[in-house]
Amino acid sequence: QLLLNLRYLTKHVAFKEEQECRIIKIAPLTDANVKPNENYTQLYMEYANIRPSDVKEICFGPHATGLELYEDILANKHITIPCRQSKNPLA
């Protein structure tokens, strides 16, 4: 039952590569930022006020471009967040 939620974090191999962002945070359901949707069928977290200290890693998809540029932008703003290119073909 716990693994069912992982289906939303992976893509089928038939999907083409996209430039998108997914933010993943593991938190207890009692966390104040965990909110139900209007039908109470799904939970989500507010992330509009994310701080650099909240981010542990930035992982680019295996075919995503712009990693070096993004690292340069972070460095220019004196933000230290590790960036890496995923080797997972289904990322």
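Start by selecting Glu68: at 53% relative accessibility, this residue counts as exposed, since the bar for that label is over 50%. Bear in mind as you click around that this is a predicted model. Glu68 sits in helix H1. Now add Cys83 to the selection and draw a C-alpha to C-alpha distance: the two residues are 8.8 Å apart in space and 15 residues apart in sequence.

**Along H1 to the rings**

Stay on the helix and pick Tyr70, then bring up Phe60. These two make an aromatic pair, and the count of such pairs comes to 1. How are the rings of Phe60 and Tyr70 arranged? They are edge-to-face, with 5.9 Å from centre to centre and 70 degrees between the planes. Colour by secondary structure and you'll see that Phe60 belongs to strand E3 while Tyr70 belongs to helix H1 (residues 67–76), so the pair ties together parts that are 10 residues apart in sequence. Switch on a surface and compare the partners: Phe60 counts as buried because its relative accessibility is 12%, whereas Tyr70, at 38%, counts as partly exposed.

**Past the end of H1**

Next, select His78, in the loop between H1 and strand E4 (83–85). Check its backbone: phi is near 60 degrees, a positive value in a residue other than glycine. His78 is exposed, too, with a relative accessible area of 74%.

**Over to the E1–E2 loop**

There's another positive phi to look at. Jump to Tyr40, in the loop between E1 and E2, where phi is near 55 degrees and the residue is again not a glycine. Tyr40 has a relative accessible area of 67%, so it is exposed.

Now show the side chain of Asn37, which lies in the loop between strand E1 (34–36) and E2. Which backbone nitrogen does the side chain of Asn37 reach at 2.8 Å? That of Thr41. The backbone nitrogen of Tyr40 is there as well, 2.9 Å from a polar atom of the Asn37 side chain. Widen the selection around Asn37 and, leaving aside neighbours within four places in sequence, you'll pick up contacts with Gln42 and Tyr44.

**Salt bridges**

Time to go hunting for charged pairs; the count of salt bridges comes to 2. Take Glu57 and Arg84 to begin with: their side chains meet at 2.6 Å, N to O. This pair links distant parts of the chain, with Glu57 in the loop between E2 and E3 and Arg84 in strand E4, 27 residues apart. Glu57 counts as partly exposed at 42% relative accessibility, and Arg84 is partly exposed with 39%.

Then select Arg51 and Asp54, whose side chains form a salt bridge at 3.0 Å, N to O. Is each partner buried, partly exposed or exposed? Arg51 is exposed, with a relative accessible area of 51%, while Asp54 counts as partly exposed at 39%.

**Last stop: a greasy patch**

Finish with Ile50, in the loop between strand E2 (43–45) and strand E3 (58–60). Ile50 counts as partly exposed because its relative accessibility is 41%. Add Ile23 and Tyr47 to the selection and turn the surface on: with Ile50, they form a nonpolar patch on the surface, with about 310 Å² of accessible area together.

How values were computed
Residues numbered from 1 in each chain as written. Predicted model: local features only at pLDDT ≥ 70, side-chain atom pairs only at ≥ 80, totals over all residues. Heavy atoms only, no water. Patch = residues over 30% accessible without salt bridge, like charges linked within 9 Å, V, L, I, M, F, W, Y side chains within 5 Å. Areas by Shrake-Rupley, 256 points an atom, 1.4 Å probe, with all protein chains shown as cover. Salt bridge = Lys/Arg side-chain N within 4 Å of Asp/Glu carboxyl O. Helix = DSSP H or I, 4+ residues; strand = E, 2+ residues; numbered from the N terminus. Buried < 20%, exposed > 50% of the residue type's maximum accessible area, 1.4 Å probe, protein only. Phe/Tyr/Trp six-rings, centres within 6.5 Å; stacked < 30°, edge-to-face > 60°. Polar contact = N/O pair within 3.5 Å; in protein donor to acceptor, adjacent residues only side chain to side chain. Contact = heavy atoms within 4.5 Å.
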